[in-house]
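Dear colleague,

Please find below the structure that I am handing over to you. My notes on it follow directly after.

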Amino acid sequence: MLNIMISMVKKEIMEFQLQLKTILMLVGLLAMPFIIMLTKPSGSILLKQESFPQAIMIFVAIISSCSLISESIISEKRYKTLEMLLSTKITTTAIVLAKIFVPYVISMIISVLTCVIMIIMKWFQMQIDVVQAINFMLFIILSDIVICITTLVFYEDKVNGYVFMTAVVSMFGLLAAMNALGVSLLTIGAIPVLLLLIVVSLYISGLLLSDTKLFTKI
Amino acid sequence: MDLVTLNRVHFRYNKKTEVLNDLDLNLRKGSCHGFLGHNGAGKTTTLRIIMGLLKPENGTVSYCDGFNKRNNVISYMPEYGGIYERLSVGQNIVFRGEIQGLTRYTIDNNMEDMLSILGLQERLNEKAGYLSQGLKRRLSLACAMISNPELLILDEPTNGIDPVSLKVITDTLRNINSNGTTILISSHNLHFISQICGEISIIQNGKRIYNSTNIDAASIENLYIEKTNESER
C-alpha cells in the first residue's frame, strides 16, 4: 500500500510541475511582502503593524493550500480520473492523503520562503524570540493542516459549500490585505473598498462555479 | 458461469429520481456484453454499481468467488477523459500500473505490447493533453488494460473517434476477449456492438427490457428501435 501511496504522491507532484496557474500564484504570493512593504502600512484597528509578518505568512499558507487542493480535485473531476482512481485498488484514504500532502508541503515551502524574504527585508529586525518563533511556526503548520483537510472535506461533500468557503476565504484574505494597507473599515472611504472586496469575491466564486459545473457527482 | 450478477437492483440519486428500477443483469465469464439504452436509461449508473462506486438501494450485486476490485480484476474506461492530460503517455500508463500494484518490470513489459497494439509507441513522451480525441481514447484503453483485468468495463468507448481509431479499438477488444477477458461495453454505436459483442442487453427506464445472445449486425438497429418502442407503450 505504501508503494501505491508513493505513486499517487509522485503523480501529484508531476501534475503541479510547470503549471502556469501555480507559477503565477507562487510569484504573486512571494511578491506580497514587497508590495505591502512598499506601501509603508501604519496599521489599523484590526491589525497592528507588528502583526503584519505573521498575518502575511498565515494568509500565504491558507491561500496557497486552498488553491492547490481545489485545482487538484477539480481537474480529477473534470477529466473523470477520480472515477477511474476509485475503480482501482487504491483506497480513498490514500487518495485523500496524497491530495493533502502535496499541497501542504508546497504551501509550507511558500510560507517559509515568504518568511525568509521578510527576514531579508528586516521586518523582524532580528528581534524574534526563538520559542515564540517555533510556537508561531507550529501554529502555521497546524492551521494549514486544518485548512487542507477542511477544503477537501467541503469540496467532497458539496460543491456549493466549497464555493461558499472559497468566497469566505478570499474575502478574509482581501480583508487582511486591506488591513495590512492600513485601511480602517470604520471610515467612509472604506465603503468603495468594501464594495470592491465583495465584487472580487463574487468574481472568484463565479470562476470556480463555472469550473465546477463540469462536476459529476459519483 | 456468471462473473457478476445484478438481481432486482434499485437505485436513486439523492433519494429522488429512480434511475434503476428492478434491474437484472448477468455477465458471463469470458463474454463480451453490449449494454444498450437511451441517454439517461441508467447504463453508467449500472456500471458504477458493478465497480462498487455506488451501492444499490435495494437488490443484490454478487460476484463469483475471489472476484473483487482489490485483486486487480476490474478496470474501467470512462466515457471521456480517464487520463491525466498534464502527464505524458508513458507516465499515464506507468501511474495506472503502479496504483494497481504492478511492479515496474511488469508494467514495462505490458506497456511495450500495449503501445504497439494501440499504435501509441511513437507518442510515448508526448503530453496526453496534446493528443487527438482518437489517440486519447486509445491511451485510456491502454491504461485500463495495463493490469490485464478479468473484467474490463467500457463506457461509450467509440465516442468522437475516427474510423482508424475505431478499428484499432475494435481489434484490440476482440483480441483481449479471445484471451479470456470479460468485457462490458455501454454504447450507442450499434454497429460497433454487433461487431464485437456475443450478448446484448437493452435497458430502458432503469429496467432490462431485452437480452439476447443472438446478434445480427444487419437487424440490430431495427431490433433496438422495436424493443425500446415496445417498452414505451
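In chain B, helix H2 (residues 89-99) packs against helix H3 (residues 104-117) at an angle of about 135°, and their axes are 10 Å apart. Axes here are lines fitted to C-alpha atoms, for helices over the stretch in contact, and angles run from 0 to 180 degrees between N-to-C directions. Helices (H or I, at least four residues) and strands (E, at least two) are DSSP runs, numbered from the N terminus. The angle therefore makes H2(B) oblique to H3(B) (under 35 degrees counts as roughly parallel, over 145 as roughly antiparallel, 65 to 115 as roughly perpendicular and the rest as oblique). Ile93(B), Val94(B), Gly97(B) and Glu98(B) of H2(B) meet Ile107(B), Asn110(B), Met111(B) and Met114(B) of H3(B), where contact requires C-beta atoms, placed from the backbone, to lie within 7 Å. By class, this contact has 5 nonpolar, 2 polar and 1 charged residues (Ala, Val, Leu, Ile, Met, Phe, Trp, Tyr, Cys and Pro count as nonpolar, Asp, Glu, Lys and Arg as charged, and the others, Gly among them, as polar).

Please note that this is a predicted model: local features need pLDDT of at least 70, side-chain atom pairs count only at pLDDT 80 or more, and totals for chains, interfaces and linings use all residues. Residues are numbered from 1 along each chain as its sequence is written, while chains are lettered from A and ligands numbered from 1 in the order in which they are written.

H2(B) also takes part in the interface between the chains, in which 22 residues of chain B are in contact with 17 residues of chain A. H2(B) gives the most to the chain B side, with 4 residues. That side divides into 11 nonpolar, 6 polar and 5 charged residues.

Chain B also contains an open sheet of 6 strands in the order E5-E6-E7-E3-E8-E9, with mixed pairing; two strands pair if DSSP finds at least two bridges between them. E5(B) and strand E9 (207-212) of chain B stand at the edges with a single partner strand each, so one side of each has no neighbour in the sheet. The twist averages 20° from one strand to the next. E5(B) and strand E6 (residues 151-155) of chain B run parallel and are joined by 4 bridges; Ile74(B) has Leu151(B) as its bridge partner in E6(B). Helix H4 (residues 133-145) of chain B packs on the sheet, touching E5 and E6 of chain B, and its direction makes about 170° with that of E5(B).

Yours sincerely

How values were computed
Two residues are in contact if their C-beta atoms, placed from the backbone, lie within 7 Å.
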